[in-house]
Amino acid sequence: CVNAKYTRTGTKDQPAVYRAVVPNNKINWSTSYEYQPVEFTSEKVRTSTKEYVDKDPRDDPKVEIPWNLDDRLCDRRSYHGPYKVVRRVPQNPCGRTGLTGRGHLGHFGPNHAADPIVTRWKRDQNGQIMVHPRTQRQILEFVCILRKDTNEYAIPGGMVEKKEKVTDTLQREFHEETLNFPDLDERSKHNLLATIKDVFENGGIRIYCGYVDDPRNTDNSWMETTAYNFHDGNNEHLALIEVHGGSDASKAFWHDLGSETPLYASHADFLRKVADIHNAHW
Ligand code: RP5
Ligand code: MG
Ligand code: MG
């Protein structure tokens with residue numbers, strides 16, 4: 001895993017908090033380095049009274065958190081195996097990030113997310129699958145969003161909520177971020193959700209699970225995700241849906257899948273795998 005892409009944390013609307021510089025060859029904890037990270041936990045996280053946001057065990061010796069375990073409220077296990085706990089808080093398994101504390105994340109340790117990658121073939125007016133002139137490979141389209149926070153193109157993923165299963169998170173986030181149709185009649189809404197449920201629960205390919213190079217990561221809190229691809233190769237179900245942005249997404253749209261589009265966090269790595277699996281243009 002890598003910690004490389006972002007020099008600051010936070011979003012376009014929040015004051016910038018810059019990371020201490022960590023040269024690539026000093027990211028690993030086992031390499032000695034005169035390291036002076038910036039300590040940062042956002043006001044919102046520090047003052048939150050939500051049951052689901054951690055208390056800081058460094059502030060209160062009575063706070064005990066079941067590191068590396070799933071206590072049912074929250075799964076604190078990492079896809080990368082047991083992580084170290086140093087001075088009462090977890091240590092990022094991918095190395096130094098230039099920031100300590102929780103930044104904008106609610107949990108110390110892994111913060112789990114899920115990413116639904118919904119794809120179809122790009123077709124011309126006659127229904128023929130289009131081929132990219134450079135690679136001579138067929139072109140996929142995926143449901144893409146524009147994130148409200150960073151203004152970057154992204155997969156419509158989101159955080160796994162307390163006690164939620166990843167399969168439910170995939171459906172909920174896809175629904176919230178890309179199917180925002182408040183005026184849809186009840187019957188159409190029901191049919192749309194039934195289609196999503198049926199496909200999402202019966203037909204996905206797991207593309208990735210593990211660390212994400214997310215702008216919110218710190219030395220003590222980081223994002224991990226499970227990404228699934230739901231592909232409708234014959235325009236039978238998902239390929240036919242229209243999308244409209246909601247929740248964290250200011251826009252949602254079908255977009256060509258290819259290396260030409262810069263994407264949020266590690267999302268381009270996931271899409272590249274999807275292209276490989278379908279032997280499509282990248
Ligand atoms: C990324 O953040 C994950 O890959 C996922 O797409 C996203 C989840 O966070 P929110 O969209 O809920 O902010 O690390
Ligand atoms: Mg969301
Ligand atoms: Mg989201």
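**Notebook: helix α4, the core and ligand 1**

I began just after α4, where N279 takes a positive phi of about 55°. I note here that the model I am reading is a predicted one.

**Entry on helix α4**

I then turned to the helix itself, which spans residues 267-277. Which residues of α4 are buried? I found H267, F270, L271, V274 and A275 to be buried. Because these residues cover an arc of only 145° around the axis, they lie on the same side of α4. I next looked up what covers them, and the cover includes β7, β8 (140-147), β9 (153-154), β11 (205-211) and β12.

**Entry on the nonpolar core**

I looked up the largest nonpolar core, which has 39 residues. Which of its residues touch the most other members? They are I117, F142, F270 and V274. At least two residues of this core come from each of β7, β8, α2 (166-178), α3 (186-202), β11, β12, β13 and α4. I followed F142 further: leaving aside neighbours within four places in sequence, F142 is in contact with I117, V118, T119, H255, L257 and L271. Of these contacts, L271 is also among the buried residues of α4.

**Entry on two single residues**

I located P215 in the loop between β11 and β12. Is P215 buried or exposed? P215 is buried, because 21 other C-beta atoms lie within 10 Å, and the cut-off for a buried residue is 20 or more. Not counting residues up to four places away in sequence, P215 touches Y6, T9 and T150. Y6 is 209 residues from P215 along the chain, yet their C-alpha atoms are separated by 5.6 Å.

I placed K251 in strand β13, which runs over residues 249-256. K251 has 16 other C-beta atoms within 10 Å and is therefore partly exposed. Apart from neighbours within four places in sequence, the contacts of K251 are I145, L146 and G245. I also compared K251 with R147: they are 104 residues apart in sequence and 7.6 Å apart in space, C-alpha to C-alpha.

**Entry on ligand 1**

I closed with the surroundings of ligand 1, where I recorded 13 residues. Which of them come nearest? The answer is G157, G158, V212, D214 and M223. Two or more residues of the shell are given by each of β7 (109-121), β10 (158-159) and β12 (221-231). By type, the shell divides into 7 nonpolar, 3 polar and 3 charged residues. I note that β7 and β12, which contribute to this shell, also supply residues to the largest nonpolar core.

Notes: Residues numbered from 1 in each chain as written. Chains lettered and ligands numbered in written order. Predicted model: local features only at pLDDT ≥ 70, side-chain atom pairs only at ≥ 80, totals over all residues. Near = placed C-beta within 6 Å. Helix = DSSP H or I, 4+ residues; strand = E, 2+ residues; numbered from the N terminus. Nonpolar A, V, L, I, M, F, W, Y, C, P; charged D, E, K, R; others polar. Buried ≥ 20, exposed ≤ 12 C-beta atoms within 10 Å, placed from the backbone. Arc of directions from axis to C-beta. Contact = placed C-beta atoms within 7 Å. Core = buried A, V, L, I, M, F, W, Y, C linked by C-beta atoms within 7 Å.
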